[in-house]
Amino acid sequence: MTKAIRIHQAGGPEVLSWDTIEKSDPGPGEAYIRQTAIGLNYIDVYHRTGLYPIGALPQPIGTEAAGIVEAIGESVTEVAIGDRVVYAPVLGAYAEARIIAAEKLIKVPENISDQTAAAMMLKGMTVHMLLFKCYAVQPGDTILIHAAAGGVGNILCQWANHLGVTVIGTVGNDEKAEKARA
């Protein structure tokens with residue numbers, strides 16, 4: 001048995017339920033991970049409230065987490081037992097442990113904590129999309145980043161700066177301005 005935060009109906013925070021769920025063995029191509037850190041994102045609220053429907057209920061919510069591989073199914077070559085891993089966006093992160101497709105897992109480098117890994121994946125993927133898919137930035141470009149001190153903005157400013165882009169950021173107060181400048 002393991003535990004997961006699930007919703008049985010859409011609504012406010014009161015619909016979050018700490019449920020006991022059956023533990024099963026991973027099937028072919030799957031890994032069982034014990035989660036050590038879970039990322040929290042605005043999309044989790046959208047799932048909980050029903051703004052973004054997530055399918056049949058009850059359902060665990062959350063889309064990113066880090067953990068340790070404790071078992072693997074047949075034909076898994078991406079990860080091994082004992083690997084520290086992270087994933088996003090895969091629904092069901094609000095859980096102590098879970099089974100997940102091994103191809104969705106990324107090994108976490110030793111110099112990155114589980115907490116950092118779990119908190120940055122979805123935001124990092126969003127930044128990648130903005131920098132390379134919406135518009136492929138080039139060195140010398142100038143871009144405007146709103147909420148430059150927020151989660152996505154923070155990563156976006158640093159990554160764009162690393163690419164040689166001139167970054168102009170907006171923030172809501174002096175404290176956030178200092179954070180963005182740093």
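Select Leu-105 and show its surroundings. Leaving out neighbours within four places in sequence, Leu-105 is in contact with Ala-31, Ile-33, Val-79, Val-85, Val-86, Tyr-87 and Ile-100. Keep in mind that this is a predicted model.

**The cores**

Stay with Leu-105 and add Ile-33, Val-79 and Tyr-87. These four have the most contacts inside the largest nonpolar core, which has 13 residues. Now color the strands that feed this core. Strand S3 (30-38), strand S5 (65-72) and strand S6 (84-87) each give two or more residues to it.

Next, select Leu-131, Ile-145, Leu-156 and Cys-157. They belong to another core, of 10 residues, that lies apart from the largest one.

**Zoom out**

Switch to a cartoon of the whole chain. You should find 4 helices and 10 strands. Trace them from the N terminus: the pattern reads β-β-β-α-β-β-β-β-β-α-β-α-β-α. The C-alpha atoms fill a box of roughly 50 × 40 × 25 Å along the principal axes.

Which share of the contacts between residues at least 6 apart in sequence joins residues at least 24 apart? The figure is 66%.

Turn on the surface. The chain exposes about 10300 Å², and carbon and sulfur atoms supply 56% of that area. Of its 182 residues, 39% count as buried.

Color by charge. There are 14 positive and 19 negative charges, and their mean positions are 3 Å apart.

**Salt bridges**

The structure holds 5 salt bridges. Three stops follow.

Start with Asp-19 and Arg-6. Their side chains meet in a salt bridge, 2.8 Å from N to O. Asp-19 sits in strand S2 (residues 16-21) and Arg-6 in strand S1 (residues 2-7), so the pair ties together parts that are 13 residues apart in sequence. Are these two buried or exposed? Both Asp-19 and Arg-6 are buried.

Move to Lys-107 and Asp-83. This salt bridge spans 3.7 Å, N to O. Lys-107 lies in strand S8 (residues 106-107), while Asp-83 is in the loop between S5 and S6, so the pair ties together parts 24 residues apart in sequence. Compare the two ends on the surface. Lys-107 is partly exposed, with a relative accessible area of 49%. Asp-83 counts as buried, at 18% relative accessibility.

Now go to Arg-181 and Glu-178. The closest N and O atoms of this salt bridge are 2.9 Å apart. Both residues lie in helix H4 (residues 174-181), 3 residues apart, about one turn of the helix. Arg-181 counts as exposed, at 62% relative accessibility.

**Still on helix H4**

Select Ala-177, which is also found in helix H4. Ala-177 is buried, with a relative accessible area of 14%. Add Ala-148 and draw a distance between the C-alpha atoms. It reads 8.1 Å, for two residues 29 apart along the chain.

**Backbone stops**

Some background before the last four selections. Most residues other than glycine have a negative phi, and most peptide bonds are trans.

Select Leu-57 and Pro-58. The peptide bond from Leu-57 to Pro-58 is cis, with omega near 5°. Where is Pro-58? Pro-58 has its place in the loop between helix H1 (42-49) and strand S4 (59-60).

Then take Ala-88 and Pro-89. The peptide bond between them is also cis, with omega near -20°. Pro-89 is found in the loop between S6 and strand S7 (97-101).

Jump to Ser-75. Its phi is near 65°, a positive value in a residue other than glycine. Ser-75 is found in the loop between S5 and S6. That loop also holds Asp-83, from the salt bridge with Lys-107. Ser-75 counts as exposed, at 60% relative accessibility.

Finish at Ala-147. What is its phi? Ala-147 has a positive phi of about 55°, although it is not a glycine. Ala-147 is found in the loop between strand S9 (142-145) and helix H3 (151-162). Ala-147 is partly exposed, with a relative accessible area of 48%.

Key:
Residues are numbered from 1 along each chain as its sequence is written. This is a predicted model: local features need pLDDT of at least 70, side-chain atom pairs count only at pLDDT 80 or more; totals for chains, interfaces and linings use all residues. Side-chain values use heavy atoms; hydrogens and water are left out. A nonpolar core is a set of buried Ala, Val, Leu, Ile, Met, Phe, Trp, Tyr and Cys residues joined through side-chain atoms within 4.5 Å. Buried means under 20% relative accessible area, exposed over 50%, partly exposed in between (1.4 Å probe, protein chains only). Contact means heavy atoms within 4.5 Å. A salt bridge is a side-chain nitrogen of Lys or Arg within 4 Å of a carboxyl oxygen of Asp or Glu. Accessible areas come from the Shrake-Rupley method with a 1.4 Å probe; for residues, only the protein chains shown count as cover. Lys and Arg count as positive and Asp and Glu as negative; His and the chain ends are not counted. The place of a charge is taken as NZ of Lys, CZ of Arg, CG of Asp or CD of Glu.
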